[in-house]
Amino acid sequence: GPSGSGKTLLGLSFLAEGARRGQQGLYFALNEPPALSIDAGDHIGLDFSSHVESGRIEVIWQPALEESLDLLAHNLLTAVRERKVQRLFIDGLDALDDINIQAERIPLFFTALMGELRRLGVTTISAVELSSIFGPSADIPIEGVSARVENIIFMRSVEIKSELRRVVSILKTRRTGHEGLIREFKITDQGIEVGDKLESAEAILTGVARTLREISG
């Protein structure tokens with residue numbers, strides 16, 4: 001999803017839920033320093049800082065611009081093995097495009113990395129930022145990666161009747177069916193809430209929705 005759609009808070013919620021269940025988590029940030037995101041997580045009731053202080057969630061900031069792909073993978077997998085990580089959130093996977101390497105290597109690198117994480121028993125969520133906040137285009141910026149992931153969750157802010165609303169939908173699941181509904185996605189001080197499907201508009205995923213009244217008229 002684009003900036004502000006809720007990707008990071010969804011990833012933090014995934015880690016916090018794992019911590020509550022006694023599962024070891026790792027927050028691996030590739031773009032901005034994670035301190036502000038952790039503070040935002042605390043403000044929606046995730047109690048994320050407490051999980052970090054207790055050691056149940058490890059936080060690593062690894063700016064992609066400063067490292068090579070191989071070193072990033074080495075640091076990530078070392079942390080996973082040493083801490084026996086069960087849940088991993090990679091925040092800012094699109095930063096891999098900023099590393100000065102041959103673009104065709106990234107899909108192969110990603111396939112190898114995800115394969116090793118699966119072998120280690122790690123459930124991984126990766127956040128990828130789309131460049132377009134509104135408009136019909138929603139291309140995943142890392143070429144070839146979408147075909148190599150198990151599932152794709154699409155998040156977006158849309159304008160309906162002069163109001164910005166967040167929506168979430170499942171675009172892909174591998175080896176199983178999935179719900180095709182577009183649901184409203186809210187971030188409250190009690191956490192993330194996924195609501196009912198939006199029935200009053202269409203063309204929602206373009207970011208510029210049309211109400212059904214406008215269409216019928």
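This report looks at one helix, one loop residue and two spaces in the structure above.

The model is predicted, and for that reason local features are reported only where pLDDT is at least 70 and side-chain atom pairs only at pLDDT 80 or more, while totals for chains, interfaces and linings use all residues. Residues are numbered from 1 along each chain as its sequence is written, and side-chain values use heavy atoms, with hydrogens and water left out.

Helices (H or I, at least four residues) and strands (E, at least two) are DSSP runs, numbered from the N terminus. The 15 residues of helix H4 should span 21 Å at 1.5 Å a residue (the expected span is 1.5 Å times one less than the number of residues), and this agrees with its end C-alpha atoms, which are 21 Å apart. Its buried residues (under 20% relative accessible area, with a 1.4 Å probe and protein chains only) are Leu-69, Leu-72, Ala-73, Leu-76, Leu-77, Ala-79 and Val-80. Seen down the axis of H4, these residues fall within an arc of 155 degrees, so they line one face of the helix; the arc is that of the directions from the helix axis to the C-beta atoms. The cover over the buried residues of H4 includes E1, strand E2 (57-61), strand E3 (87-91) and H5, where contact means heavy atoms within 4.5 Å.

Two spaces can be set side by side. On a 1 Å grid over the protein atoms alone, a cavity is a set of points where a 1.4 Å probe fits but cannot get out, a pocket is an open set with protein on both sides within 12 Å along at least five of seven lines, and lining residues have an atom within 4 Å of a point. Grid points are joined across faces, edges and corners, and a volume is the space filled by probe spheres set on the points.

| Space | Volume |
|---|---|
| Largest cavity | about 70 Å³ |
| Second largest pocket | about 480 Å³ |

Among the residues that line the largest cavity are Leu-72, Leu-76, Phe-109 and Leu-113, and helices H4 (69-83) and H5 (105-119) each supply at least two residues of this lining. The second largest pocket is lined by 24 residues, of which Thr-8, Glu-32, Ser-37, Asp-91 and Glu-129 lie nearest its centre.

Asn-31 lies in the loop between E1 and H2. Asn-31 touches Trp-61, Asp-91, Gly-92, Asp-94 and Ala-95, leaving aside residues up to four places away in sequence.

Terms used: Buried < 20%, exposed > 50% of the residue type's maximum accessible area, 1.4 Å probe, protein only.
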